[in-house]
Each structure stands twice: as C-alpha cells, then as structure tokens.
Number of protein chains: 4
Amino acid sequence: MANMNDIKLVSGLSKKATVIQVGLLKIGLDFVVIAGPCSIENEGQTVEIARAVKAAGANMLRGGAFKPRTSPYAFQGLGLKGLKILAKAGKETGLPVVSEVLDTRDVSWMGEYVDILQIGTRNMQNFPLLKEVGKTQKPVLLKRGMHSTLLEWLSSAEYILNAGNANVILCERGIRTFETYTRNTLDLSAVPAIKELSHLPIIVDPAHGTGRISLISAMSLAAVAAGADGIIVEVHNNPQAALSDSDQTLTPEQFSVVARKVLSLRSFMEKLN
Amino acid sequence: MANMNDIKLVSGLSKKATVIQVGLLKIGLDFVVIAGPCSIENEGQTVEIARAVKAAGANMLRGGAFKPRTSPYAFQGLGLKGLKILAKAGKETGLPVVSEVLDTRDVSWMGEYVDILQIGTRNMQNFPLLKEVGKTQKPVLLKRGMHSTLLEWLSSAEYILNAGNANVILCERGIRTFETYTRNTLDLSAVPAIKELSHLPIIVDPAHGTGRISLISAMSLAAVAAGADGIIVEVHNNPQAALSDSDQTLTPEQFSVVARKVLSLRSFMEKLN
Amino acid sequence: MANMNDIKLVSGLSKKATVIQVGLLKIGLDFVVIAGPCSIENEGQTVEIARAVKAAGANMLRGGAFKPRTSPYAFQGLGLKGLKILAKAGKETGLPVVSEVLDTRDVSWMGEYVDILQIGTRNMQNFPLLKEVGKTQKPVLLKRGMHSTLLEWLSSAEYILNAGNANVILCERGIRTFETYTRNTLDLSAVPAIKELSHLPIIVDPAHGTGRISLISAMSLAAVAAGADGIIVEVHNNPQAALSDSDQTLTPEQFSVVARKVLSLRSFMEKLN
Amino acid sequence: MANMNDIKLVSGLSKKATVIQVGLLKIGLDFVVIAGPCSIENEGQTVEIARAVKAAGANMLRGGAFKPRTSPYAFQGLGLKGLKILAKAGKETGLPVVSEVLDTRDVSWMGEYVDILQIGTRNMQNFPLLKEVGKTQKPVLLKRGMHSTLLEWLSSAEYILNAGNANVILCERGIRTFETYTRNTLDLSAVPAIKELSHLPIIVDPAHGTGRISLISAMSLAAVAAGADGIIVEVHNNPQAALSDSDQTLTPEQFSVVARKVLSLRSFMEKLN
C-alpha cells in the first residue's frame, strides 16, 4: 500500500502550488475549461467544435485520436490523422490541445502535435508509460484510475516527477462503485483531499464521472465550489451521431450555459472568504 | 432490483417539489443548516452548543440520544434522558430538533420530543421501522444506506409515503467504496440525480461523508453548488472530548466560518441563471 | 472502525469451536444443509417442499414469513400464518426450522414457532434487534451485511453474545461490488478468515451470493472445500411461480444433485490431511 | 458497457473447451500448478525454488522480471537479467515458465525467454499491449482487472483472439472491494461464470486474491472445487526476505502441503458426478 514516503515529490507539505504554463494559460492559477469531442472524427467537425467551444468560454481543446475502448470492435480512433486534425484546429482557434497517449512508442512523436499528453484511467498504473512521459517536459494530464485510491494516484504522479517531468495535472473522473444510475461515482472530496496532500493542480471530468448529460452542469458547479482548478467536458455539434460517449456529450449550446455559470461561480469563489 | 414502478409516489414526474414546514422553516424552499453534537452528553453542553450554532447561522439542532455503534462496548447514547435535554435546548434557542430513532417501539413516543425523526444509514432498509414512521405525520430525515443505490433509497422513501406520511427529507451521507483516505465517498451526484428522479428535498452530510474535518468546508460548498436543500454537520464545544465521531466534528468557530460561506454561496446560486 | 477489543467474546484465540445443538443436529460439528422456499406461500407447498428437501439430504428447513423487500409493493410474506405453516412442516418432517425476524417486537413470540431466528443482511447492524435476540437463548443465524467488513460482522455477533446468547451461527451471503453478472460477490475467503478470527460456526448462502441457479452447485462445493460448516439454499417445487427470488431457486431435483455432491465432498474433506 | 457481441470469439456457446499445449502440459485439460517467487532476485535462489516447487508438485514456474509496483521507489525487477535466470531455472527443472510483460516494446523479444506471457491486473485494459501479444502465438495468461467486470475481462481476451492469438488463459486474482481484512476479494464465482460464458481455461491466484498466507490453502481448495483449471501461487525459500509480497508468499514446505491437497481434491472432483 502506498504511503507518504512514496509521494515525497508530489506531496504538498510546505511547497508552493505548482503552476504549469501552456500557451498563455497558467494551469493551477487560471481556471481551465477544456472542451471538445470525445473522438476526433474529421477536420470539419473538429474545427467547427473548436470554434464553438472557444466562443463559449473554453480555453483548451480536447479530442481523442487513440481511443481506449472496452471492445475491439468499437471505433479505435483516427490515430496520427486525428492528431494532425486536432493540431490544426488548435492552431486555427489559438487553443492549446490535449489528447490521450496509450502506448510508450507514441510518447515522443505525439509531443509534436499536442500541448498536453493525457494518461487515461485505464493506464494510471501503466508504469512504463508513466516513466516514458516522465522523460519529456510535456505537461501530463493524469486521470485517476477508476479503481485507485488517492495515495495510489499520487504515487503514479510521483513516477512522472521522479523521471524528471514536474508538469503534472491531476484529473478526478469518477471511481467505480456499486451504483448503476451513474456510470461512475464522481469523488469530489478528492479535490480538497489532493489540495491538502499535494501541490499539483487538479481538474474534474463531470462527464465520465456521471455518464449523464443531465448531471454535468450541477457537478461542474460543485467541482468549482470544491476548489477544482478546472473542468474537462465533451462537446459535439451532433452528440447523437458521435462515434463514442454520446450519452454524456453536450451540444455547444448546452456547453455555453455550463461554461458561463462555471466561470461566474469561479469569480464568486475567489472572493469568498 | 428497484424500478420506476416501485417509486411512483416519490418520483418527480410532473409533480411540484415537496416543501415540509417545521416551525418557521420551509424545508425544500429555505436552505437548512442543521448542526449540533454527534451524541448528547449532558444539558450544559447541549444548550451551549445549541446557542453557539444558532448564533453562527444554524436553523435546526441535531443530537443523538440512541446511537448506532459498531461495537457493543461503545457509548450507546443517553436515550430518553438525552431526548429531554435535546428538547430543552431546542426550546431555549427556538431551533427545531432532529434525532435518530432505531427501534419500532420508540417511534410513537419519540415524536413528543423531536421535530424530525432521523433514520440512519444502517436502517435505510429496516422496513418495519420505515412503516412505523410512515404511520405518523412527523417529518422523517432518511439517510442513504452506505450500500444503497439511488433507486433502493427512493424505494425506502416510498415505504414511508405509502404508509401515509409524505414528509420525507433525503440525506446523502456517503457510500462505502474501496477508498480509505475518506471514511466514505460522498456521492454529490446524488443531489441532481434525486432532483430529476423525485420531488423530495435532499440535504447533504459532509461530515460522515468524508470523516475528516479538513474536507467539510469544501464539501459543504460543493453540496450547495450541486443544488442541495441543506447540510447537516456535527459541532461540539470540545471535539477531542466528544464521546463519538471526534475526527469529523467542528468547533463552533469552525462551524461559524462554514455556515457563513455556505449561506453566502446559497444566495449567489439562487441568482445564477 | 471495529478492532479486536470489540470482539473479545466472539474471537477465537485459544477457545474451543462453538457447537450449537438444534434437535439432533450439532451445528459446527455436523455439516448443515438448510433448504426450503424463499417465501412460505401455503401449507401444501411448504409441506411438499419440506418432504422433498429432506429426502434429498437436507437436515434443516428454511422459509420466509416476514420478507424484507426493496419495494413496498412486493409480497411482504404471510407473517404469523406463515410461521404456523413452517412449524407444521418442520414437525411433519422432523426438520428443525429457521425463519427471519425483522422487528424487535416479534422476537419473543417467534421463538415459539422456529428453532433458529435469522437476522438478514439488511439488519446486521440493527442493534436493537441484535440486543433483543441476545436476551433469548434461541440460536441466531446472523447473515453478513452486504456492505460489512468481517470485523463489523463479528462486532454484530458480539452484541448478541454480550447480551447473553452464545448461540450464534454466521452466514456469508455475498457482498456488494461493482460486478453486475452476479447479484452479489460471494466472499468465500470469509470462511477461513472467520475460522481464524472466531470460534463461531459459519455457513454459506450460494443463492443470494450469486443470484444465479447455474452457479449454485459450483459455489456450494467451493464453500465446502473452503471449510464451511453448512450451506443454505432456496428450493421450490415450481421456481418460476415462486413469489420471490425465482432466479436463484432450485427445483427439488436440482437440489438433490447439489446435496449429494456437497455431502460427498464433505466426507472427502474430513479425510484430507 | 460490454455485451455478448463484443465477445463473439471468446464466448463459449457451442464451442469446444480450449486446450493450450505448453511443453507436455495441456492447459484446460491437465490441472496446472504454477509456483515460484514473486520477483526473481538471483540465480541461486530461483533455481533452488524451482527445484523445490517441482518436487512438491508444481508443473510450471513463475517469476517476475518486470514488476508493476505502486511506488517508483520499490524494487522494479531485474528485467532481462531476470528473464535469463528464469529461463535457465526452467531449463534445469524442465518446467515451462511464465513472466509478466508490461511494455509493448518488450513483447516480441520476451517470447524467447518465456513459455507464457502474463498480462497483469493493471494492464488488463492496456489495449496496445493486448494487440501486441495478440500478434504472437505465445500463450497469454490474462489476469482480471481488479476493477473489471467479467464481460470487460472477456472483452480484453477478445482483443487478443481478434488479433490472431487463440491461446489465452484467464486468471481470477481478486477484485477491489471495501473489505480490508483481505488485500482483495477473491471472486471464485468467476470460475463457473467464465465456464458458462467462454471456452477459455481459467486458473485462480489465491495469494493476490487474499494477501494472507493463512488463507491460501483454503482458497486453493475452494478454487479446485469451483472448477478452476489451475492455481498460481508465490513460493520463496525465505519469504520474510523476499523483495516483494512477503505477506502472501509460501515456503516450499507450506506449498508442498497445499499442492498435495489440491491435487488430491482435483482427482476426487474428476470422479464426482
């Protein structure tokens, strides 16, 4: 079992909160709103969504090119082609981009296309992958394993810092429980808990955390109130036609309302003492 | 497994949100801040805490007289004597009082001392007890079973409504998961989920939900942002000497800060559209 | 959290294994095979099933008269009428009988009709009920809470012993996890774990533990190999027409095969050194 | 969520049970007893343990060269050097060998040193790794994810078969639950459940499943009774000095007793009808 000695680099005792600069964005200081399609499907769609989310208040673009799917018969992503589209959409809108890396062999070259490498929930304890991203200086968005304790999660972050890369952003995305109404159980207590254990920034994914469009707005607001440094959500111009995760994907119009409320609440929270 | 037919009375389809009047308080409309000791220990302590929490913004007093303890050797509560003290403290401060009922034989007479009967997490599926409180018109605070799905919880509420008592307030208090840093995992997604499934009011217990004083403030604020109708917390004038739950009990000073922030955030949320 | 001091009466350090005599049956020494309908429905059915399970090798009869049902609209059992039928079926076959008690008010009089009082998974931490059965000398079959650790379970047994009744039989019946293929996850490691922690006998319920007829035989055999002192299963002469739990109820023919294999394996295990 | 269409190659409907030949061993037909150190530490130790487990009844040797450790500061294994030692110990004793592969880059060359490639619980949904082992014809021992449902597990096996490798052996090793007495909760119902869902062989790891030496014997026997095709356990000539998992590692003497009972029970089960 992990203990405090296993997280000496990520633990927050007497350290300054980490701020990670990506473009003009100071993650850990500025509130981050990451939005975009679950999977990148084609250039037109991606650029259109990128423009819509930027207009609605997003300051980073997400999009999956390598998709970790339970079934081998599900859409596995466009790969390199998808990353090129994502990079282009990022350039056109001025938004930094984040995408998931699945394989140690892809780490070095993917850095040419993305600003942040995401490590997904299923790879939180893929130790060769953690070591590999640790060898770069690319910021890493490390999602919590759906089966992982806070200390195990921080130990995984420690692998990255220990390998030489201090730019780690944590992302709570729900843990697996017996509840079936929601896809996972979003553990928002992880936000203040991580804040007392570590100096790393932490954002929240209310879409995978709940799996229900109807719960995303309330849980995004709750994440802000709990002290999160940002949120990451899925937005698609036609969710019902999306190639993955359509049940938890917002339209640009829905996202626009969520983003406005979230940013308004964030301003309020900064003044609440 | 429970389904929508099992919750026809509590389900919210096309019904008005339930408002339950307790004294001057309209639960479901007014924001409820319930505070007080985990266990009632003596009159002096209880009245002192009651005055402190009222001054700090609480509008209801809690206190345990019958304590459900894992061990038979732990303090089991003062019983009737405790209820008399609680009633007196409520009278002196003008605060309505809530206390847990454990036994079907206690339901009818306990109503003389308390304004709300609480059913705890371990009794959420104590069906004779649900039927017994259902025969009264006393408001019931029904905590979620630590092992219960949302539909099972609502089915337990349905027992009470079906027996004739429509005055049910739900309380999310954390579910049991693999995480060990927190005592339970507070499932705040239950708040918007219950709001879309049912017309009943729902409050949040961030103390049992986390088991850590340091997380209570953030999770209380998150509960408000998620749309909760109130919070319930433990306050003691000397937490380290409390006969139960000292790790999650606030001092009056700490509570005062939490209550002020919570009420301020609630006002903000009411205007956020 | 429960610890070893909370289970001083039930802990097994240097104590002889408890043997509980019920009729001619020495529970903890003889292997117990408890079978019968989930719910008692009428006299004809109950007597017929009782004869069938006795012929197939059962040495105790089970049958529910007070049924703890998730929904208030599900069949709640025949109550006293059911207990009278059960007692009659027991008398006609010479089988001792066991039935679940839900309410503290029923403990004393139910003892006239049954040989063993069962406390179900939802009442494992119904402390007034534990204290009430503890005041009698009736053997108690204490099922594990679906959300309960081994130490919490033993602490509940300690309530009964501490109140004066040493005749407690534990029953593992599955815990709640994320798995959905089975109704619960049968934790067979509880059997050797309880044997090293306590001197109390422990039996296994493979029907509720899995919720699938197709898994009952294998899990009954596994229970025997793990060292269980008995099994409890549901048998109905027409499972598809049973008023509860038809998905996990054996026909007398299926039960006959299971019982034969189980008893044969038990004989083998007694000689395996 | 995975469904039956996602497991068309591994599902067992009307297919013959898969038998995988490794040396003289027919996995799925012969009972497999895999034993050896958690981590390979040096040649002398490995050969000594290999001889001891062979003498005690093991028919395959295990040993970790790449260790997936929660902490970056824990012993990470000897890597290639360890594999060479393992291969040598296998050769000297005539035992086939199995070791875990963590990285897609290691799959092709590791096949020169081991007879079976193990994919551990943390990599059950490492899809690039599944695809990579699927391109070989090496038998794969696929452990269940500690957070994975049976259908997700079978979907991961489907990745391997779909990539062209039909030689998959499943291994139940416990799932993560709220219980803390055991390291995981060994889900033995997975054995008969997999047998009804799939034609693939399934073995059981009672050491990781429980994390306690004292429970390994009983759970190994229970696995046999449940119908498992084999067991895998950790054996070390000096468990207290082992570099990993010392709490769940048997001495050769303890293993000898377990193996004898297990093989005796297996013979009995084959005749039980």
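**Exercise 1. How much area do chain B and chain C bury between them, and what share of it lies on carbon and sulfur atoms?**

*Solution.* Chain B and chain C bury about 3,000 Å² between them. Carbon and sulfur atoms carry 51% of that area. The model is a predicted one.

Next, locate the main contributors. B:Thr70, B:Tyr73 and B:His147 supply 22% of the area that chain B buries against chain C. No other three residues give more.

Then count residues. The contact takes 34 residues from chain B and 34 residues from chain C.

**Exercise 2. Describe the polar side of the contact between chain B and chain C, then its elements and residue classes.**

*Solution.* Start with the charged pairs. There are 4 salt bridges between chain B and chain C. One of these joins B:Glu132 to C:Arg105. Their closest N and O atoms are 3.0 Å apart. The cut-off is 4 Å, so this pair counts.

Now take the polar contacts. The count between chain B and chain C is 24 residue pairs, both residues at pLDDT 80 or more.

Assign the elements. Helix H4 (127-134) and helix H5 (150-162) of chain B give two or more residues to the side that touches chain C. H5(B) gives the most, with 5 residues.

Finish with the classes. This side of chain B has 10 nonpolar, 13 polar and 11 charged residues.

**Exercise 3. What turn and what shift lay chain B on chain C?**

*Solution.* A turn of 180° does it, with a shift of 0.0 Å along the axis. The RMSD is 0.0 Å. The two copies are therefore related as by a two-fold rotation axis.

Find the residue at the axis. In chain B, the C-alpha nearest the axis belongs to B:His147, 2.8 Å from it. B:His147 is also one of the three residues that lead the area chain B buries against chain C.

Check the surfaces. Both copies use the same one: 100% of the contact residues of chain B recur in chain C.

**Exercise 4. Work through the contact of chain B with chain A in the same order.**

*Solution.* Begin with the area. About 3,200 Å² is buried between chain B and chain A. Carbon and sulfur atoms give 70% of it. Here 40 residues of chain B are in contact with 40 residues of chain A.

Go on to the charged pairs. The interface of chain B and chain A has 2 salt bridges. One of them links B:Glu179 and A:Arg144, whose closest N and O atoms lie 2.7 Å apart. Polar contact is found for 8 residue pairs, both residues at pLDDT 80 or more.

Assign the elements. Helix H6 (190-197), helix H8 (213-226) and helix H9 (252-271) of chain B each supply at least two residues to the side that touches chain A. H8(B) gives the most, with 8 residues.

Sort by class. The side of chain B that touches chain A divides into 21 nonpolar, 11 polar and 8 charged residues.

**Exercise 5. Is D:Ser198 buried or exposed?**

*Solution.* First place the residue. D:Ser198 sits in the loop between helix H6 (190-197) and strand E9 (202-204) of chain D.

Next apply the cut-off. The relative accessible area of D:Ser198 is 5%. Buried means under 20%, so D:Ser198 is buried.

Now list the surroundings. Apart from neighbours within four places in sequence, D:Ser198 is in contact with D:Val10, D:Ser11, D:Gly12 and D:Leu154.

Last, look at the side chain. A polar atom of the D:Ser198 side chain lies 3.0 Å from the backbone nitrogen of D:Leu200.

Methods: Residues are numbered from 1 along each chain as its sequence is written. Chains are lettered from A and ligands numbered from 1 in the order in which they are written. Side-chain values use heavy atoms; hydrogens and water are left out. Contact means heavy atoms within 4.5 Å. Buried area is the accessible area (1.4 Å probe) that two parts lose on being put together, summed over both. A salt bridge is a side-chain nitrogen of Lys or Arg within 4 Å of a carboxyl oxygen of Asp or Glu. A polar contact is a pair of N or O atoms within 3.5 Å; within protein, one must be able to donate a hydrogen and the other to accept it, and residues adjacent in sequence count only if both atoms are side-chain atoms. Helices (H or I, at least four residues) and strands (E, at least two) are DSSP runs, numbered from the N terminus. Ala, Val, Leu, Ile, Met, Phe, Trp, Tyr, Cys and Pro count as nonpolar, Asp, Glu, Lys and Arg as charged, and the others, Gly among them, as polar. Buried means under 20% relative accessible area, exposed over 50%, partly exposed in between (1.4 Å probe, protein chains only). Copies are superposed by least squares on the C-alpha atoms of residues with pLDDT of at least 70 in both.
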